[in-house]
Amino acid sequence: MEIIMSVLAGILFATGIYNILQKQMLRIIIGTALVSHGAHLFILTMAGLKRGAPPILTEGIEDYADPLPQALILTSIVISFGVTSLLLVLAYRASRITGTDNMEELRGNEHE
Amino acid sequence: MSNLAILPILIPFIAGILLAFLNKHIPLVRSLAKIITVAQLLFVSWLCYLVYQSGSIILETGAWKAPYGIIIVADSLAMTLVLTTNIVAVACVFFAPVSLTEKQERFYFYPFFFLLITGVSGAFLTGDLFNLFVFFEVLLMASYGLIVLGNGKVQLRESLKYVLINVFSSMLFVTTIAFLYAIVGTVNMAQIAQRVQEVDQAGILTVIGILFFFVFATKAAIFPLYYWLPNPYIVPNPVVSALFGALLTKVGIYAILRTFTLIFVHDPNLTHTLFIYLAALTMIFGVIGALSTHNIKLIVAYNIIPAVGFMLMGIGLFTETSISGTLYYLVHDMIIKGSLFLIVGAIAYVAGTSDLRKMGGLIHHYPVLGWMLFIASLVLAGIPPFSGFIGKLLLLQGGVAQEELLIVITGLITSLLILFSMIRIFVKGFWGEKSDVLPTKPVKTAPFTWPIAFLLTFSVLLGLGAEWVYPSVQSMAEYLMNPDLYIESILKE
């Protein structure tokens with residue numbers, strides 16, 4: 001199971017990075033979202049996917065899933081959510097003011 | 001007693017929240033911000049004194065025992081850096097009302113400023129790797145807010161790049177933590193160090209170490225990951241540039257220093273030798289950048305990069321002398337980069353341009369500013385009576401002792417070129433005939449000069465008072481070179 005998940009995370013990373021290397025702003029943001037999905041999936045996988053109950057204390061259950069990575073993922077999801085929304089607004093403002101969403105046209109001149 | 005350790009994080013955090021509610025009353029916000037930063041500086045210096053006197057203060061939050069809960073470790077290194085952060089913060093908060101427009105101040109400059117300080121202090125004080133990631137995000141989020149403040153076309157364009165590179169490196173950070181968690185099963189730095197020690201840093205752990213290095217190198221702008229730095233750093237207001245230049249890259253360097261003196265220390269032939277080469281390349285490329293431009297802000301922004309190279313060189317050489325050189329240089333560089341950005345900000349303001357070719361003869365109108373720039377250039381290049389000299393001397397001594405002569409020579413040549421790049425501003429901008437592009441009526445510069453003079457005083461004191469500072473730097477280096485001290489102080493067994 002871990003191997004399948006690792007391959008999936010790898011695919012997410014590859015597609016994410018491919019999208020980040022594109023010219024269009026929105027594609028880049030989709031790329032960062034894909035990369036963060038890959039990273040979150042990766043935390044879950046690396047902690048081990050052995051079977052166990054959800055980490056809620058219940059009587060009579062000995063075997064639980066590892067609760068720590070789930071807490072880490074939750075934190076990381078909220079952070080990347082915040083950053084992604086900021087990035088979207090920033091891209092919206094930048095494209096409105098500069099009149100383009102093509103990253104190649106957003107190069108700076110030396111003195112302006 | 002141990003609750004004191006969290007206050008350097010908590011005070012700016014609460015101040016940030018408080019000031020967000022008062023944003024319409026600018027005079028009140030200004031004076032509150034000044035009072036809070038000065039009070040905080042006094043408190044942190046007292047705390048620093050306490051830590052020097054009686055050893056590190058360790059706070060186990062929520063009374064959870066060390067490896068299980070989050071811990072705040074106020075050891076001598078972290079407290080020194082928090083103290084330096086607060087010194088820079090005081091200068092910036094006094095500079096801010098002069099250089100910011102009222103509109104920018106009303107749009108939450110001060111809350112973002114205090115949250116940035118929260119993030120930086122938190123990153124210095126935490127003893128937990130995932131918590132370090134969270135504090136990195138706290139300071140980065142605040143920096144995103146500060147960099148777009150003003151909403152100019154250039155700012156939007158450059159901040160987009162800045163945010164993108166940081167989002168990517170943050171995700172890489174999370175992935176690397178996942179790798180490490182899979183191997184050692186903990187995120188507490190002391191316990192990670194202990195477990196890495198037990199397995200003698202097997203192959204995969206070195207790979208993870210290098211991944212960590214890549215993450216922190218992106219934050220710290222080390223060759224080949226420095227290309228994002230210069231442009232985003234010069235587009236915001238000078239006071240924001242000063243905060244960024246003084247604090248942000250140094251957090252990355254601190255993280256490298258911590259991880260590679262505490263956790264990944266068992267395969268120095270591979271990792272630390274790599275650092276020496278990268279340090280040399282960082283110095284060369286950074287200083288070439290500084291020489292290649294006529295924009296005074298860009299010259300200073302590029303000068304961040306060779307300084308980072310010097311600090312990395314000390315970590316790479318990995319002896320007690322070189323690590324104390326790195327520490328000395330780190331503190332010195334935080335202060336001098338802050339003051340340099342403020343000085344060039346003031347120069348660009350009074351000259352009405354940041355292009356060196358359009359300036360000239362500024363010394364006739366602004367002698368104080370000119371001589372401050374001159375002193376700051378000497379400090380940066382490492383001329384003997386000032387603070388840059390001792391750090392560089394220790395680094396070069398460490399290099400000679402390790403017989404890494406190539407890096408020593410690179411370091412010396414880089415220092416010369418740094419001096420050249422800075423003196424060029426002084427010679428072309430301040431000497432010569434009065435330029436006709438300048439506004440005829442001189443601007444009053446007294447409000448600009450006080451915060452800069454405040455920072456430069458520390459630079460000069462750090463150089464002249466080296467005899468008093470050096471013993472504590474040396475004891476810090478001793479402490480860093482002996483990771484067992486850190487591990488034992490946290491996992492008391």
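This is a short tutorial dialogue on reading a predicted model with a chain A and a chain B.

Me: Let's start with the interface. How should I think about its size, and what is the area buried between chain A and chain B?

Reply: The size of an interface is often given as the accessible area lost when the parts come together. Here the area buried between chain A and chain B is about 3,100 Å². Carbon and sulfur atoms give 81% of that area.

Me: How many residues does each chain put into the contact?

Reply: Chain A brings 39 residues and chain B brings 32 residues.

Me: And what about polar links: how many salt bridges and how many residue pairs in polar contact does the rule find across the interface?

Reply: For salt bridges, the rule finds 0 between chain A and chain B. For polar contacts, it finds 3 residue pairs, both partners being at pLDDT 80 or more. On the side of chain A that touches chain B, the elements giving two or more residues are α1 (2-20), α2 (25-46) and α3 (67-98) of chain A. The biggest giver is α3(A), with 17 residues. Sorted by type, the residues on that side of chain A come to 24 nonpolar, 10 polar and 5 charged.

Me: Now chain B on its own. How do I judge its overall form, and what radius of gyration does it have?

Reply: Compare the radius with what a compact globule of that length would give. For 493 residues that would be near 23 Å, and chain B has 22 Å, so the two agree. Along the principal axes, the C-alpha atoms of chain B fill a box of roughly 70 × 55 × 45 Å.

Me: What is chain B built from, and how much of it is buried?

Reply: Chain B has 20 helices and 2 strands. Of its 493 residues, 65% are buried. You can also look at how far apart in sequence the contacting residues are. Taking contacts in chain B between residues at least 6 apart, 82% join residues at least 24 apart.

Me: Back to salt bridges. How many are there over all chains, and which residue does Asp75(B) pair with?

Reply: There are 8 over all chains. Asp75(B) pairs with Arg258(B), at 2.8 Å from N to O. That pair links distant parts of the chain: Asp75(B) is in the loop between β2 (71-74) and α3 (76-99) of chain B, while Arg258(B) is in helix α11 (residues 238-262), 183 residues apart.

Me: Are the two partners, Asp75(B) and Arg258(B), buried or exposed?

Reply: The cut-off for buried is under 20% relative accessible area. Asp75(B) has 0%, so it is buried. Arg258(B) has 4%, so it is buried too.

Me: Which salt bridges sit inside one helix?

Reply: Let's take two of them. Lys337(B) meets Asp333(B) at 3.0 Å, N to O. Both lie in helix α14 (residues 320-351) of chain B, 4 residues apart, about one turn of the helix. Lys337(B) is buried, at 0% relative accessible area, and Asp333(B) is buried, also at 0%.

Me: And the other, with Lys161(B) and Glu158(B)?

Reply: Their closest N and O atoms are 3.6 Å apart. Both residues are in helix α7 (residues 153-184) of chain B, 3 residues apart, again about one turn. Lys161(B) is partly exposed at 29%, whereas Glu158(B) is buried at 3%. Shared partners also join Arg157(B), Glu158(B) and Lys161(B) into one network of salt bridges.

Notes:
Residues numbered from 1 in each chain as written. Chains lettered and ligands numbered in written order. Predicted model: local features only at pLDDT ≥ 70, side-chain atom pairs only at ≥ 80, totals over all residues. Heavy atoms only, no water. Contact = heavy atoms within 4.5 Å. Buried area = accessible area lost by both parts, 1.4 Å probe. Salt bridge = Lys/Arg side-chain N within 4 Å of Asp/Glu carboxyl O. Polar contact = N/O pair within 3.5 Å; in protein donor to acceptor, adjacent residues only side chain to side chain. Nonpolar A, V, L, I, M, F, W, Y, C, P; charged D, E, K, R; others polar. Rg over C-alpha atoms; globule rule 2.2 N^0.38 Å. Buried < 20%, exposed > 50% of the residue type's maximum accessible area, 1.4 Å probe, protein only.
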